[in-house]
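Trainee: Please take a close look at a single part of this model, and then place that part within the rest of the chain. What lines the largest cavity?

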Amino acid sequence: MITRETTVVIVGGGPGGYEAALVGAQLGANVTIIERLGLGGAAVLTDCVPSKALIATADYMSDFEVAGGLGVRLTDHEGDVVDDVIAQPRTVNERILDLAAAQSADIHHSLEHAGVRIIEGTGRVAARGRVTAETDGRTEEIAADVVLVATGATPRVLPSAVPDGERILTWQQIYSLTDLPQRIVVIGSGVTGAELAQAFLGLGSEVVLVSSRDRVLPGEDADAATVIEEVFRKRGMEVLSRSRAAGVERTVSGVVVRLEDGRTVEGSHALLAVGSVPATGGIGLEQLGVELSASGHIQVDRVSRTSVPGIYAAGDCTGVLPLASVAAMQGRIAMWHALGDAVTPLNVRGVAATIFTEPEIATVGIGQVAADEAHDVQSVMLPLARNPRAKMQGITDGLVKLFCRTGYGTVLGGVIVAPKASELIHPVALAVQNRLNVDQVASTITVYPSLSGSIAEAARQLHQPE
């Protein structure tokens, strides 16, 4: 039986931590959360929320370009056509940081209202059942029946490219800029690199994207990634494929990026987007025997348990899926399990993910590689440009792809490349999560005209005749 004497201590106040705290309090436990930087963690303060807000600003600016193709022009007070829309970086970043702070404050209020004790400091797992919190030079030891580690991850940096917060930047440092980079060299073409490269391009910077692989977004669906790379190049981005950065040096007026093949790339700024490192060192895990992977991630099972009884973990520090939505669910599951409530183990099959480029890439379930390796999977891909709503909105780049089980028609996965694909992927995620078949998806009437009509059309094309 859970009582207020059942103590839960959570180290880390990101999505995994604060969502777990809310569940723990709801179930009647005495919950303490320890967070050093601010509630919401990096996801709210320096990563997910700020980056998506920056991208939204860039997307809004690109709408003016699309408007021209629809016959709409901006004019000034004299009636002259306005060709250029200018971003004001100081104002943009101030708005982003204010938005992030407001979101963090809302989380703080929610936790206080739920009765959660909040400690602003650094947490460490001192022993099984004991956590220490260091704040303002003082150390407090807290007894804990349940411990949840949700410390997240930090940007990976290169020894030969040390960030200085001025010219050589991590993705957490870009919001301190008061001027728009004239020419920014983005190192790394994974999700973070691709998103921020397009954001700065949309805001008006010259952008060079350094990719060590054959194409951008090497871990994503190849057809989707090809669309994005073509959009990048069409909009003026310089993409250097098969080009690995060896180091970055500051110059009097900017930076020089050295490539391993001897070439150099000059710019006003360099942005490092070469992955992240789990924040699991120095918090007592190794001494307690908590199993870590070679990369430093905490090993957890599907109910967020670590190898040590009573210690759970959630979020990017676990390496399950680096998504705020997954971190939050891991945190909830940990509390439901630890406190004896009904719980369903984490199922990543139905987790939808989005890359917030323009257009966006949204995916769920299996992808093309898994489909090609299987003998009983069928797929269909439809260009979005054929969709009537897409024509009305001036959308020329995008696709809808569905995968299903041969013979049964069970929807196994999908890929959508479109503006607001993050919103469009939900019906596909519902189908994957609930094992719907393509006929059930196809027989659900969609609005005409709508972009979602292409999802139903793809399902119709995958009909499995008896």
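Mentor: A class count needs its classes first: Ala, Val, Leu, Ile, Met, Phe, Trp, Tyr, Cys and Pro are nonpolar, Asp, Glu, Lys and Arg are charged, and the others, Gly among them, are polar. The model is predicted.

Rolling a probe the size of a water molecule over the atoms shows where empty space is left. Here the count comes to one cavity of 30 Å³ or more, and the space in the largest cavity is about 90 Å³. Its lining consists of Leu-54, Ala-87, Pro-89, Val-92, Asn-93, Ile-174, Leu-177, Asp-179, Leu-180, Pro-181, Phe-200 and Leu-203. Sorted by class, these are 10 nonpolar residues, one polar and one charged. Asn counts among the polar residues and Asp among the charged ones, so the two exceptions in the lining are Asn-93 and Asp-179. Two elements give two or more residues to this lining, α4 (89-114) and α5 (191-203). Helix α4 provides the largest share, three residues.

Now the chain around that part. It has 14 helices and 23 strands. A compact globule of 466 residues would have a radius of gyration near 23 Å, and the chain agrees with this at 24 Å. The C-alpha trace spans about 70 × 65 × 50 Å along its principal axes.

One open sheet has five strands, paired in parallel in the order β3-β2-β1-β7-β18. Its edges are β3 (117-120) and β18 (311-313), each of which pairs on one side only. On average, neighbouring strands in this sheet are turned by 20 degrees against each other, direction ignored. Within the sheet, β1 (residues 7-11) and β7 (residues 146-149) are joined in the parallel sense by four bridges, and Ile-10 has Leu-148 of β7 as its bridge partner. Two helices to note pack on this sheet. Helix α1 (residues 15-26) touches β1, β2 (30-35) and β7, and its direction makes about 165 degrees with that of β2. Helix α8 (residues 324-338) touches β1, β7 and β18, with a direction at about 170 degrees to that of β7.

Another open sheet has three strands in the order β4-β5-β6, with antiparallel pairing. Here β4 (122-127) and β6 (138-143) are the edge strands, each pairing on one side only. From one strand to the next the twist averages 25 degrees. Five bridges hold the antiparallel pair of β4 and β5 (residues 130-135), and Gly-123 stands opposite Ala-133 in β5.

A few backbone details complete the survey. The peptide bond between Glu-358 and Pro-359 is cis, with omega about 5 degrees; Pro-359 sits in the loop between β19 (353-355) and β20 (360-365). Tyr-448 and Pro-449 are also joined by a cis peptide bond, with omega about -5 degrees, and Pro-449 belongs to the loop between α13 (438-442) and α14 (453-461). Ser-304, a residue other than glycine, has a positive phi, near 75 degrees. Its place is in the loop between α7 (285-288) and β18, the latter being an edge strand of the five-stranded sheet.

Definitions and conventions
Residues numbered from 1 in each chain as written. Predicted model: local features only at pLDDT ≥ 70, side-chain atom pairs only at ≥ 80, totals over all residues. Heavy atoms only, no water. Pairing = 2+ DSSP bridges. Axes fitted to C-alpha atoms, helices over the stretch in contact; angles between N-to-C directions. Contact = heavy atoms within 4.5 Å. 1 Å grid on protein atoms, 1.4 Å probe; cavity = no way out; pocket = protein on both sides within 12 Å on 5 of 7 lines; lining within 4 Å. Points joined across faces, edges and corners; volume = space filled by probe spheres on them. Rg over C-alpha atoms; globule rule 2.2 N^0.38 Å.
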